Amino acid sequence: MFCREQAARVSARQQEFAALGADVVAIGNGTPAMARDFAAQFGIDFPLYTDPSRESFRVAGMRRAFGLGLGTIALGRRAMAAGHRQGLTAGDPWQQGGVLVVHPRRGVIWAHIDAAAGDHAELDAVLEALRAVG
């Protein structure tokens, strides 16, 4: 449910990212077929890659944990209120995500590592980081 919510949030603001010269890319951890199905089912129109080994998640410092924090129930209510429901789990359900802003010459200039399921980065903060590097 939370990956669906995050994909919808990013998709809705993709034009803002593009206006700042940023390319949006998502990385999941299921099979290539799962990634294609997810993109088709949820109308993802930015590149969606998959890393079943989860090596990219490890290198980026993303957590792999049960994923429930004290606020996860409230975050679940938020996602459900926006129309996102839990479906069949695809990929590693314990792998938490995050957002990285990567500059081609400077490397990672901003990061949000999800502390628990549904702990999404504030997209206004991501946009601000992009504005800061011009």
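Let's start on the outside, where Val-25, Ile-27 and Tyr-49 make a nonpolar surface patch with about 300 Å² of accessible area together. A patch here is built from residues with over 30% relative accessible area and no salt bridge, with like charges joined within 9 Å and nonpolar side chains (Val, Leu, Ile, Met, Phe, Trp, Tyr) within 5 Å. The areas come from the Shrake-Rupley method with a 1.4 Å probe, and for residues only the protein chains shown count as cover. This is a predicted model, in which local features need pLDDT of at least 70 and side-chain atom pairs count only at pLDDT 80 or more, while totals for chains, interfaces and linings use all residues. Residues are numbered from 1 along each chain as its sequence is written, and side-chain values use heavy atoms, with hydrogens and water left out.

Back to the patch: Ile-27 sits in strand β1 (residues 26-28). Strands (E, at least two residues) and helices (H or I, at least four) are DSSP runs, numbered from the N terminus. Ile-27 counts as partly exposed because its relative accessibility is 45%; buried means under 20% relative accessible area, exposed means over 50%, and partly exposed is what lies in between (1.4 Å probe, protein chains only).

Now find helix α6, residues 123-133. Which of its residues are buried? They are Leu-123, Val-126, Leu-127, Ala-129 and Leu-130. Looking down the axis of α6, you'd see these buried residues fall within an arc of 155°, so they line one face of the helix. (That arc is taken from the directions from the helix axis to the C-beta atoms.) As a rule, an α-helix has 3.6 residues a turn, so residues three or four places apart point the same way. On the face of α6 turned away from the buried side, you'll meet the exposed residues Asp-124 and Ala-132. The cover over the buried residues includes α1 (2-12), α2 (14-19), β3 (98-103) and β4 (107-113). Just after α6 comes Gly-134, with a positive phi near 75°.

Next, step inside. The largest nonpolar core has 15 residues, and those with the most contacts inside it are Val-10, Phe-17, Val-126 and Leu-130. Such a core is a set of buried Ala, Val, Leu, Ile, Met, Phe, Trp, Tyr and Cys residues joined through side-chain atoms within 4.5 Å. Two or more of its residues come from each of α1, β3 and α6, and α6 gives the largest share, four residues. Take Val-10: setting aside neighbours within four places in sequence, Val-10 is in contact (heavy atoms within 4.5 Å) with Phe-17, Val-24, Phe-46 and Leu-123.

What about charges? There are six salt bridges in the structure, each being a side-chain nitrogen of Lys or Arg within 4 Å of a carboxyl oxygen of Asp or Glu. One of them joins Arg-54 and Asp-92 (3.2 Å, N to O). Arg-54 is in the loop between β2 (48-50) and α4 (55-60), and Asp-92 is in the loop between α5 (72-81) and β3, so this pair ties together parts 38 residues apart in sequence. Asp-92 counts as buried because its relative accessible area is 14%, whereas Arg-54 is partly exposed at 24% relative accessibility.

Another bridge pairs Glu-128 with Arg-131 (3.6 Å, N to O). Both residues lie in α6, three residues apart, which is about one turn of the helix. Finally, Arg-13 and Glu-16 meet at 2.8 Å, N to O, and these two are linked with Asp-124 in a network of salt bridges.
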